[in-house]
Amino acid sequence: MTDAPRRTALDATHRALGATMTDFAGWDMPLRYSSERDEHVAVRTRAGLFDLSHMGEITVTGPQAADLLDYALVGNIGGVKTGRARYTMICEAEGGILDDLIVYRLADQEYMVVANASNAQVVLDALTARAGGFDAAIRDDRDAYALLAVQGPESPAILKALTDADLDGLKYYAGLPGTVAGVEALIARTGYTGEDGFELFVRPADAVALWEALTEAGKDAGLVPCGLSCRDTLRLEAGMPLYGHELTTATTPFDAGLGRVVKFEKTSNGGDFVGRDALAAAAGRAETQPPRKLVGLVAGGRRVPRAGYPVVTADGTVIGEVTSGAPSPTLGKPIAIAYVDAAYATPGTEGVCVDIRGSHEPYEVTALPFYKRQK
Amino acid sequence: MSNPQQLRYSKEHEWLSGAEEGVSTVGITEHAANALGDVVYVQLPEVGATVAAGETCGELESTKSVSDLYSPVDGEITEINEDVVNDPSLVNSAPFEGGWLFKVKISGEPGELLSADEYAAFITG
């Protein structure tokens with residue numbers, strides 16, 4: 001990509017806060033404001049404020065909006081009630097994952113699809129290509145929204161100070177329109193941190209005012225601005241996959257251990273959807289002869305496994321590959337997600353190592369997630 | 001951020017103290033520590049090892065990346081900072097003090113080293 005990176009509506013705010021910025025999927029985004037470890041701990045114990053305006057929003061409307069999404073995506077989107085959201089995926093006809101998505105049903109005939117920044121164009125193009133014959137309209141709303149997230153155990157209290165919306169009635173994976181600090185927002189109880197929290201979709205022109213109001217309201221609760229670096233360690237501890245790491249076009253949802261998102265029983269389109277046959281075969285394979293499985297690895301030592309590092313046995317035989325790795329602030333040791341041969345995927349399997357720049361460091365195979373919040 | 005005047009600096013962002021009986025202390029600068037982010041693992045050369053100016057002698061691992069550690073001078077390692085091995089965050093919290101990395105007995109003329117002012121100009125340049 002040769003274009004200058006895009007900047008969010010909060011760019012000047014990030015710079016005034018002294019953020020270290022980084023290029024992410026063509027956007028200039030805050031990596032961290034101070035210490036990523038402190039930001040991570042703040043989200044686990046208090047609250048953190050994120051700018052996620054790089055995420056790609058696509059609005060789908062019309063009498064057959066649900067039918068189109070049921071055909072284009074692997075989930076049962078017509079079964080999502082208005083005001084609720086669903087984690088789902090869009091796959092190739094061959095079954096490979098094009099992106100993982102959250103779809104909000106905003107009204108009977110209106111959905112908002114939220115794609116990863118790096119895949120927003122791919123998703124837009126695929127939806128458009130798959131829309132033929134459906135009475136539905138697809139609107140590119142990437143520039144229509146800024147997205148702020150408040151995550152952490154204090155986030156409900158912080159948000160309650162700024163809105164009359166019924167937050168107690170707002171379930172996990174639900175979204176409702178409301179007003180926060182005088183700003184019109186879609187208030188969603190979603191996130192990518194493993195904590196309770198909210199994502200607020202607002203007009204870009206309102207983003208700075210909302211950021212400042214949240215900062216003020218969260219001051220006593222210990223809310224801090226948080227960058228993409230701690231977002232990655234938070235989602236890794238929570239065992240959540242990241243596109244380009246755990247999920248790729250070379251992977252089906254079943255290979256990634258996420259076969260539950262694929263719904264073969266759909267009411268619309270006679271049950272047909274893009275990727276159906278390939279995914280049915282992948283489901284059978286995953287059941288009877290899985291190639292590799294996604295597992296957690298926990299280090300005994302301090303060396304950090306990185307994406308792409310080989311998983312090996314003690315004698316150096318390659319049995320897998322690390323897809324994400326980082327020091328876990330919560331566990332106090334390095335953790336990783338990796339694809340490993342099924343024979344080594346059982347938690348507690350002995351003799352699994354990661355080749356860290358030539359040194360075979362022992363790792364404990366564990367189930368995901370590494371961290372689950374107490375409810 | 002300020003770079004102590006009495007130190008000399010390499011373009012690989014190490015600092016080197018004035019030699020005491022031919023032994024200098026080496027660390028990385030605050031600028032480098034900030035760029036790395038939270039340091040979580042340091043691998044230092046062994047005491048007695050011979051190091052060469054500009055060559056890799058260890059590694060610094062932060063949350064996001066791994067960086068090679070270079071020696072700013074030729075010499076022999078006389079001491080490593082065990083505190084920083086046990087608590088790598090010292091590199092971030094006190095890069096010019098408790099976060100020093102190793103002591104080296106300089107065996108030859110150091111290569112190109114910068115004064116504090118020259119280094120400040122180099123990193124803003």
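**View 1. A loop residue of chain B, B:D87, and its acidic company.** In this predicted model, B:D87 sits in the loop that links α2 (82-86) to α3 (90-93) of chain B. With a relative accessible area of 34%, B:D87 is partly exposed, because that label covers values between under 20% (buried) and over 50% (exposed). Look around B:D87 and you will find the other members of a negative surface patch: B:E79, B:E82 and B:D83.

**View 2. Strand β17 of chain A, wrapped by its surroundings.** Here we move to chain A and follow β17 along residues 318-328. Nine of its 11 residues are buried, so the rest of the structure largely encloses this strand. As a reminder while you trace the side chains, those of a regular strand alternate between the two faces of the sheet.

**View 3. The hairpin of β16(A) and β17(A).** Strand β16 of chain A, residues 310-313, pairs with β17(A) in the antiparallel sense, and three bridges connect them. To get your bearings, find A:P310, which stands opposite A:E321 of β17(A). Four residues lie between the two strands of this hairpin, and A:G316 adopts a positive phi near 95 degrees.

**View 4. The hairpin of β17(A) and β18(A).** On to β18 of chain A, residues 333-341, which runs antiparallel to β17(A) and is joined to it by eight bridges. A handy landmark is A:S324, whose bridge partner in β18(A) is A:I337. This hairpin has four residues between its strands, and in the turn A:G332 shows a positive phi of about 75 degrees.

Definitions and conventions. Residues numbered from 1 in each chain as written. Chains lettered and ligands numbered in written order. Predicted model: local features only at pLDDT ≥ 70, side-chain atom pairs only at ≥ 80, totals over all residues. Heavy atoms only, no water. Patch = residues over 30% accessible without salt bridge, like charges linked within 9 Å, V, L, I, M, F, W, Y side chains within 5 Å. Areas by Shrake-Rupley, 256 points an atom, 1.4 Å probe, with all protein chains shown as cover. Salt bridge = Lys/Arg side-chain N within 4 Å of Asp/Glu carboxyl O. Lys, Arg positive; Asp, Glu negative; His and termini not counted. Charge placed at Lys NZ, Arg CZ, Asp CG, Glu CD. Buried < 20%, exposed > 50% of the residue type's maximum accessible area, 1.4 Å probe, protein only. Pairing = 2+ DSSP bridges.
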